[in-house]
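This report describes the fold of a single protein chain, from its overall composition to selected residues. The sequence and the model are shown first.

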Amino acid sequence: MLLSTFIRDGIARLERLYPSPEARGLVLMLCAEKLGTTSYTHVIEPQTAVPEERLEELESDLRRLCSGEPIQYVLGVAEFCGHRFAVGPGVLVPRPETELLVARAVSLLQEMDLDRAPRVLDLCTGSGCIAIALAKHFANAEVVAFDVSEAALALAKENAENNGAKVQFVCDDVLNPTSDYFNRSVDLVVSNPPYVCDCERAAMEANVLDWEPETALFV
């Protein structure tokens with residue numbers, strides 16, 4: 001099958017769920033991750049074919065996308081603050097707007113002009129993206145990240161290792177904490193906690209509501 005044919009057919013199938021530009025972006029993202037192509041490969045090299053041995057996998061991925069599953073879960077990775085993070089159904093998909101939170105945290109720590117390593121707590125860490133991004137920016141920082149989910153913490157630890165970030169992960173309920181870390185002085189507390197009210201459930205997109213963990217979404 002020609003790459004251009006796969007892209008055209010994939011867009012047509014996803015347009016039942018998404019606006020055309022978004023459907024196109026999802027298919028191109030899938031091809032880039034799985035085949036190493038660019039967004040214009042099928043244009044400048046129209047005879048490019050999808051390797052026969054990759055078709056079954058790509059078709060399976062496309063079916064998952066057509067069911068509404070987020071592209072990040074299908075690919076198993078998400079980009080955040082210039083780093084790649086493993087993600088799965090047990091953690092919230094990192095959002096681009098959360099990068100603004102990281103940028104503000106970086107700015108605040110820089111303004112403190114500390115004469116020692118900064119101490120940071122990240123509450124409800126999920127994939128660990130915030131804690132890891134800060135640890136990468138401040139290599140000497142003491143960053144401690146909390147989550148109530150052991151599954152999320154396992155993935156966060158994997159992400160820290162893969163990104164070469166030094167973060168301490170702790171399983172604890174931040175609303176009823178037992179960890180001694182909450183008795184220590186820190187320079188910054190950062191968090192992207194569950195903040196969606198249950199009454200807003202009906203207005204949410206199915207690809208979020210049906211796939212991402214409720215414990216990471218709802219208050």
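The chain contains 10 helices and six strands; helices (H or I, at least four residues) and strands (E, at least two) are DSSP runs, numbered from the N terminus. The model is predicted: local features need pLDDT of at least 70 and side-chain atom pairs count only at pLDDT 80 or more, while totals for chains, interfaces and linings use all residues. Residues are numbered from 1 along each chain as its sequence is written, and side-chain values use heavy atoms, with hydrogens and water left out.

**Overall dimensions and burial**

Along its principal axes, the C-alpha trace of the chain spans about 60 × 40 × 30 Å. Of the 219 residues, 42% count as buried; buried means under 20% relative accessible area, exposed over 50%, and partly exposed in between (1.4 Å probe, protein chains only). The chain exposes about 11,700 Å², of which carbon and sulfur atoms supply 52%; accessible areas come from the Shrake-Rupley method with a 1.4 Å probe, and for residues only the protein chains shown count as cover. Among contacts between residues at least 6 apart in sequence, 62% join residues at least 24 apart, where contact means heavy atoms within 4.5 Å.

**The parallel sheet**

Four strands form an open sheet with parallel pairing, in the order β5-β4-β3-β6. Two strands pair if DSSP finds at least two bridges between them. The edges are taken by β5 (168-171) and β6 (188-191), each of which has a single partner strand, so one side of each is left without a neighbour in the sheet. On average, neighbouring strands of this sheet are turned by 20° against each other, direction ignored; axes are lines fitted to C-alpha atoms, for helices over the stretch in contact, and angles run from 0 to 180 degrees between N-to-C directions.

Strand β3 (residues 119-123) pairs with β6 in the parallel sense over four bridges. Four bridges also join β3 to strand β4 (residues 142-147), and these two strands run parallel. Four of the five residues of β3 are buried, so this strand is largely enclosed by the rest of the structure. From β3 the chain crosses through helix α7 (residues 129-137) to β4, and this β-α-β crossover is right-handed; the term applies if, with the strands pointing away from the viewer, the path from the first strand over the helix to the second runs clockwise.

The following table lists residues of β3 that stand opposite residues in its partner strands.

| Residue in β3 | Opposite residue | Partner strand |
|---|---|---|
| Leucine 121 | Valine 189 | β6 |
| Aspartate 122 | Alanine 145 | β4 |
| Leucine 123 | Serine 191 | β6 |

Helix α6 (residues 98-112) lies across β3 and β6, and runs at about 175° to β6.

**Loops flanking β3**

Aspartate 113 is found in the loop between α6 and β3. Its phi is near 50°, a positive value in a residue other than glycine, and aspartate 113 is exposed, with a relative accessible area of 65%. Cysteine 124 is placed in the loop between β3 and α7. The phi of cysteine 124 is also positive, near 60°, again in a residue other than glycine. At 25% relative accessibility, cysteine 124 counts as partly exposed.

**Helix α2 and its surroundings**

Helix α2 (residues 20-35) has 16 residues and reaches 22 Å from its first C-alpha to its last, close to the 22 Å expected at 1.5 Å a residue; the expected span is 1.5 Å times one less than the number of residues. Its buried residues are Ala23, Leu26, Val27, Leu28, Leu30, Cys31 and Lys34. The cover over these buried residues includes α1 (3-14), α3 (41-44), α4 (52-66) and α5 (71-75).

Proline 21 lies in α2 and is exposed, with a relative accessible area of 65%. The C-alpha atoms of proline 21 and isoleucine 11, 10 residues apart along the chain, are separated by 8.9 Å. After α2 comes glycine 36, whose phi is positive, near 75°.

Histidine 42 has its place in helix α3. This histidine is buried, with a relative accessible area of 13%. Residues up to four places away in sequence not being counted, histidine 42 touches Leu3, Ser4, Ile7, Arg24 and Leu28. One of these, Leu28, is itself among the buried residues of α2.
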